[in-house]
There are 2 protein chains.
Amino acid sequence: MIDPVVQALIDALRGLPGVGPKSAQRMAYHLLQHDRGAAVRLSQSLLQAVDEIGHCERCHTFSRDRVCATCLDPARDPRLLCVVETPADQGALERSGSFRGLYFVLAGAVSPLDGIGVRDIGVGPLLTRASDGVVEEVVLATNFTADGEVTAHILTEQLRQRGLKVTRLARGVPVGSELEYVDLGTIAHALMDRR
Amino acid sequence: MIDPVVQALIDALRGLPGVGPKSAQRMAYHLLQHDRGAAVRLSQSLLQAVDEIGHCERCHTFSRDRVCATCLDPARDPRLLCVVETPADQGALERSGSFRGLYFVLAGAVSPLDGIGVRDIGVGPLLTRASDGVVEEVVLATNFTADGEVTAHILTEQLRQRGLKVTRLARGVPVGSELEYVDLGTIAHALMDRR
Ligand SMILES: [Zn+2]
Ligand SMILES: [Zn+2]
């Protein structure tokens with residue numbers, strides 16, 4: 001008995017990650033009942049983003065311009081290239097304020113179990129980008145998950161073959177955490193990598 | 001360093017209920033990176049729903065027509081009127097297949113703490129609708145929450161003053177549940193209302 005137009009909206013909301021059938025219905029009803037302005041704004045923002053946002057041709061992050069502002073920033077050190085899985089990870093590194101090199105954003109991590117290989121995440125363009133004769137060190141900042149570690153492992157081999165220095169973000173105990181509550185794998189790594 | 005167009009999309013996604021800043025960013029990045037088709041579909045569904053979906057003038061549920069199919073259904077018993085807080089609640093009752101009367105959908109429940117009173121939820125139109133001379137019994141199916149119970153209490157008084165029979169959905173132990181895991185308030189009500 002749900003109107004097909006409302007049902008189509010519910011189905012479309014399920015296209016958002018993490019939104020199941022119950023939340024999609026709740027979202028649709030909320031928008032139609034209480035906040036049609038928000039629905040119109042969301043509709044317009046989606047279209048505008050799809051129309052205007054592409055990928056920087058140097059680092060592949062989201063960008064309205066062919067080359068993004070970060071890649072064009074003359075204050076950044078072009079000898080350092082940091083590889084991340086997503087623009088969100090790039091954002092986290094930027095917010096730390098501790099990296100002054102350039103970035104390369106993969107399309108995620110390889111995932112052998114899901115059939116996602118090096119070609120799917122853009123390793124080819126990374127190798128081209130890193131072999132520009134200016135990059136000296138590639139900092140691997142893929143996630144410390146199984147898939148992220150496999151990705152880092154593959155990239156390390158391929159980048160070293162091209163004569164590049166390859167480093168990885170340090171593993172260890174998070175700042176502010178109490179040892180008692182840190183998982184054992186992290187403690188083991190922090191011991192191994194002690195300095 | 002997030003592009004303003006992407007940021008506008010993130011902000012618009014936060015207009016969805018239950019979506020915080022982190023999920024909004026994850027949703028925006030997912031759509032732009034992996035599923036632009038879903039973004040376009042969602043944009044179109046939102047506009048179409050806002051354009052075409054209004055409220056049935058008899059029962060106030062979502063409807064593309066002035067009067068919805070349920071209100072026009074001659075097989076339904078017009079002497080029975082069931083009052084719910086939302087179209088979603090109406091959907092739950094319909095799926096139970098046990099109600100053959102008509103509905104009236106409030107705009108939520110009164111909430112004294114949030115300053116939401118009887119006028120905000122459409123009690124006036126309900127009283128008019130219930131006083132059409134055909135309705136004999138009003139079944140209150142507001143939620144069994146504090147706000148829903150207050151709403152049911154207010155409606156009971158006002159509807160009885162108009163000479164209508166007012167009933168409330170039965171409280172009790174949910175079908176399929178083990179007593180051990182049922183909350184004590186529910187057990188107390190199930191004992192009081194034993195039959
Ligand atoms: Zn760039
Ligand atoms: Zn109706």
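**Exercise 1. Is the crossing of H3(A) and H1(B) left-handed or right-handed? Work out how these two helices lie against each other.**

Before starting, keep in mind that this is a predicted model.

Step 1. Start with the handedness: H3(A) crosses H1(B) in the left-handed sense.

Step 2. Now get the geometry. Helix H3 of chain A covers residues 36-52, and its axis lies 9 Å from that of H1(B), at an angle of about 150 degrees. Angles over 145 degrees count as roughly antiparallel, so that is the label for H3(A) and H1(B).

Step 3. Look up who touches whom. H3(A) brings Arg41(A), Leu42(A), Ser45(A), Leu46(A), Gln48(A), Ala49(A) and Glu52(A). From H1(B) come Val5(B), Ala8(B), Leu9(B), Ala12(B) and Leu13(B).

Step 4. Sort them by class: this contact has eight nonpolar, two polar and two charged residues.

**Exercise 2. Find out how H3(A) meets its namesake in chain B, H3(B).**

Step 1. Helix H3 of chain B also spans residues 36-52, and its axis comes within 8 Å of the H3(A) axis, with a crossing of roughly 150 degrees. That angle makes H3(A) roughly antiparallel to H3(B).

Step 2. Check the handedness, which is left-handed here.

Step 3. Pick out some of the touching residues. On the chain A side they include Arg36(A), Val40(A), Leu46(A) and Val50(A). On the chain B side, Arg36(B), Val40(B), Leu46(B) and Val50(B) are among them.

Step 4. Tally the classes: 14 nonpolar, two polar and two charged residues make up the contact of H3(A) with H3(B).

**Exercise 3. Stay inside chain B and describe how H1(B) packs on H2(B).**

Step 1. H1(B) runs over residues 4-13 and H2(B) over residues 21-34; their axes come within 8 Å and cross at roughly 125 degrees. The angle makes H1(B) oblique to H2(B).

Step 2. As for handedness, H1(B) passes H2(B) in a right-handed crossing.

Step 3. List the partners. Val6(B), Leu9(B), Ile10(B) and Leu13(B) sit on the H1(B) side, while the H2(B) side includes Pro21(B), Met27(B), Tyr29(B) and Leu32(B).

Step 4. Sorted by class, the contact of H1(B) with H2(B) holds 10 nonpolar residues, one polar and no charged.

Step 5. Tie this back to Exercise 1: Leu9(B) and Leu13(B) touch H2(B), and Leu9(B) and Leu13(B) also belong to the contact with H3(A).

**Exercise 4. Put numbers on the whole interface between chain A and chain B.**

Step 1. Count residues: 45 come from chain B and 45 from chain A.

Step 2. Take the area. About 4500 Å² is buried between the two chains, and carbon and sulfur atoms give 71% of it.

Step 3. Look for charge pairs. Two salt bridges run across the interface of chain B and chain A. In a salt bridge between Arg64(A) and Asp3(B), the N to O distance is 3.1 Å.

**Exercise 5. Finish with the salt bridges of the structure as a whole.**

Step 1. Over all chains there are 21 salt bridges.

Step 2. Zoom in on Glu94(A) and Arg76(A), whose side chains form a salt bridge at 2.5 Å, N to O.

Step 3. Place the two partners. Glu94(A) is in helix H5 of chain A, and Arg76(A) is in the loop between helix H4 and strand S3. The pair links distant parts of the chain, 18 residues apart.

Notes: Residues are numbered from 1 along each chain as its sequence is written. Chains are lettered from A and ligands numbered from 1 in the order in which they are written. This is a predicted model: local features need pLDDT of at least 70, side-chain atom pairs count only at pLDDT 80 or more; totals for chains, interfaces and linings use all residues. Side-chain values use heavy atoms; hydrogens and water are left out. Axes are lines fitted to C-alpha atoms, for helices over the stretch in contact, and angles run from 0 to 180 degrees between N-to-C directions. Helices (H or I, at least four residues) and strands (E, at least two) are DSSP runs, numbered from the N terminus. Angles under 35 degrees count as roughly parallel, over 145 as roughly antiparallel, 65 to 115 as roughly perpendicular and the rest as oblique. A crossing is left-handed if the near helix is turned anticlockwise from the far one by less than a right angle, and right-handed if clockwise. Contact means heavy atoms within 4.5 Å. Ala, Val, Leu, Ile, Met, Phe, Trp, Tyr, Cys and Pro count as nonpolar, Asp, Glu, Lys and Arg as charged, and the others, Gly among them, as polar. Buried area is the accessible area (1.4 Å probe) that two parts lose on being put together, summed over both. A salt bridge is a side-chain nitrogen of Lys or Arg within 4 Å of a carboxyl oxygen of Asp or Glu.
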